[in-house]
Amino acid sequence: RRLEQALPNLAAWAAHFERAEIPVLGDTTAAIEPMRLNEDAVDAHLISEQVDADPLLTVKLLAHVATLHSTRRTTDTETTTEALVLLGISPFFRAFGPQPTVEDGLCDMPEALEGLRGLIRQAHRAADLAQGFAVQRQDPDVAVIREAALLHDFAHMLLWCHAPRLALQLSHSELDDPVAAQRQVLGIDLAALQQALVRAWHLPELLLQLADERHAASSQVRNVTLAVRLARHPL
């Protein structure tokens, strides 16, 4: 069900998103469903190529695997390839049957669908930039850095999926300060919601560090932050 009104507090927002089904991109479904017919010819790297192209399925997969292994540290599965190796190919197809798509969910709201697509395009730009910076710096965790940039705004993506009218209202806000606009429209700021979901779903530690001032000097945090800023304001 779509949210038509802002929820009363951060806890209510987090609880709602934790329970809500996460849709995926139509292109993702079109690529993965044929693989289901011939599992023996598929490996973790082949599936991860499709998952990595879809930040929504990336979050969904990492959260699912973390739930199955909740006693593990949050950093045990930092990439989709690691998650798929830990989960297994057949269990992946069993857990992720034909997925609901964002195109179906937002078919009656083309402006919201385009808003989500624009945010996902921005996430891909950020991921490409972050990867380039990490390679240049010879960072050993290139895949983790790329993924962190891709997922930097996943809570905002979920807002487009589950509360499209509120997301549109937010996008049309005349306030210059994005956080102030979020608090006015939603009653919370999306960064706080994202951090709550990262903790609830045991997502990679780097996503927590991005919002923690104690890690502001970390080269990986600065790498992702710079990539996201440049992606938001391309030259």
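**Exercise 1. A charged residue in a loop**

Starting from Asp54, which lies in the loop between helix H3 (44–52) and helix H4 (55–68), work out what surrounds this residue and which side chain of opposite charge is nearest to it.

*Solution.* This is a predicted model, in which local features need pLDDT of at least 70 and side-chain atom pairs count only at pLDDT 80 or more, while totals for chains, interfaces and linings use all residues. Residues are numbered from 1 along each chain as its sequence is written, and side-chain values use heavy atoms, with hydrogens and water left out.

Step 1 places the residue: helices (H or I, at least four residues) and strands (E, at least two) are DSSP runs numbered from the N terminus, and Asp54 sits in the loop between H3 and H4.

Step 2 looks at its partners: leaving aside neighbours within four places in sequence, Asp54 is in contact (heavy atoms within 4.5 Å) with Val24, Leu25 and Thr28.

Step 3 turns to charge, where Lys and Arg count as positive, Asp and Glu as negative, and His and the chain ends are not counted. Asp54 is buried yet has no salt bridge, and the nearest side chain of opposite charge, Lys60, is 8.9 Å away. Here buried means under 20% relative accessible area, exposed over 50%, and partly exposed in between, with a 1.4 Å probe and protein chains only; a salt bridge is a side-chain nitrogen of Lys or Arg within 4 Å of a carboxyl oxygen of Asp or Glu.

**Exercise 2. Salt bridges**

Find the salt-bridge partners of Arg2, Glu4 and Arg36, and describe where each pair lies in the chain.

*Solution.* Side chains of opposite charge can pair when their charged atoms come close.

Step 1 is the count, which comes to 10 salt bridges by the rule above.

Step 2 takes Arg2, whose side chain meets that of Asp108 in a salt bridge (2.6 Å, N to O). Arg2 lies in the segment before helix H1 (10–19) and Asp108 in the loop between H7 and H8, so this pair ties together parts that are 106 residues apart in sequence. Arg2, at 26% relative accessibility, counts as partly exposed, and Asp108 is also partly exposed, at 48%.

Step 3 takes Glu4, which forms a salt bridge with Arg165 (3.2 Å, N to O). Because Glu4 lies in the segment before H1 and Arg165 in helix H11, the pair ties together parts that are 161 residues apart in sequence. Glu4 is partly exposed with a relative accessible area of 45%, and Arg165 is partly exposed at 41%.

Step 4 takes Arg36, whose side chain meets that of Glu33 in a salt bridge (2.8 Å, N to O). These two residues are 3 residues apart in helix H2 (residues 26–36), so they are separated by about one helical turn.

**Exercise 3. The surroundings of Trp201**

Decide whether Trp201 is buried or exposed, and list the residues that it touches.

*Solution.* Step 1 finds Trp201 in helix H13, where it counts as buried, at 9% relative accessibility.

Step 2 lists its contacts, not counting residues up to four places away in sequence: Trp201 touches Phe17, Glu18, Ile22, Val59, Leu62, Ala63, Ala66, Phe154 and Leu158.

Step 3 compares sequence with space, for Trp201 and Glu18 are 183 residues apart in sequence and 8.1 Å apart in space, C-alpha to C-alpha.

**Exercise 4. The largest pocket**

Describe the volume and the lining of the largest pocket.

*Solution.* Step 1 fixes the term: on a 1 Å grid over the protein atoms alone, a pocket is an open set of points where a 1.4 Å probe fits, with protein on both sides within 12 Å along at least five of seven lines, and lining residues have an atom within 4 Å of a point. Grid points are joined across faces, edges and corners, and a volume is the space filled by probe spheres set on the points.

Step 2 gives the volume, as about 1000 Å³ of space lies in the largest pocket. Of the 29 residues that line the largest pocket, the closest to its centre are His152, Asp153, Pro178, Gln182 and Arg232.

Step 3 sorts the lining into 14 nonpolar, 10 polar and 5 charged residues, where Ala, Val, Leu, Ile, Met, Phe, Trp, Tyr, Cys and Pro count as nonpolar, Asp, Glu, Lys and Arg as charged, and the others, Gly among them, as polar.
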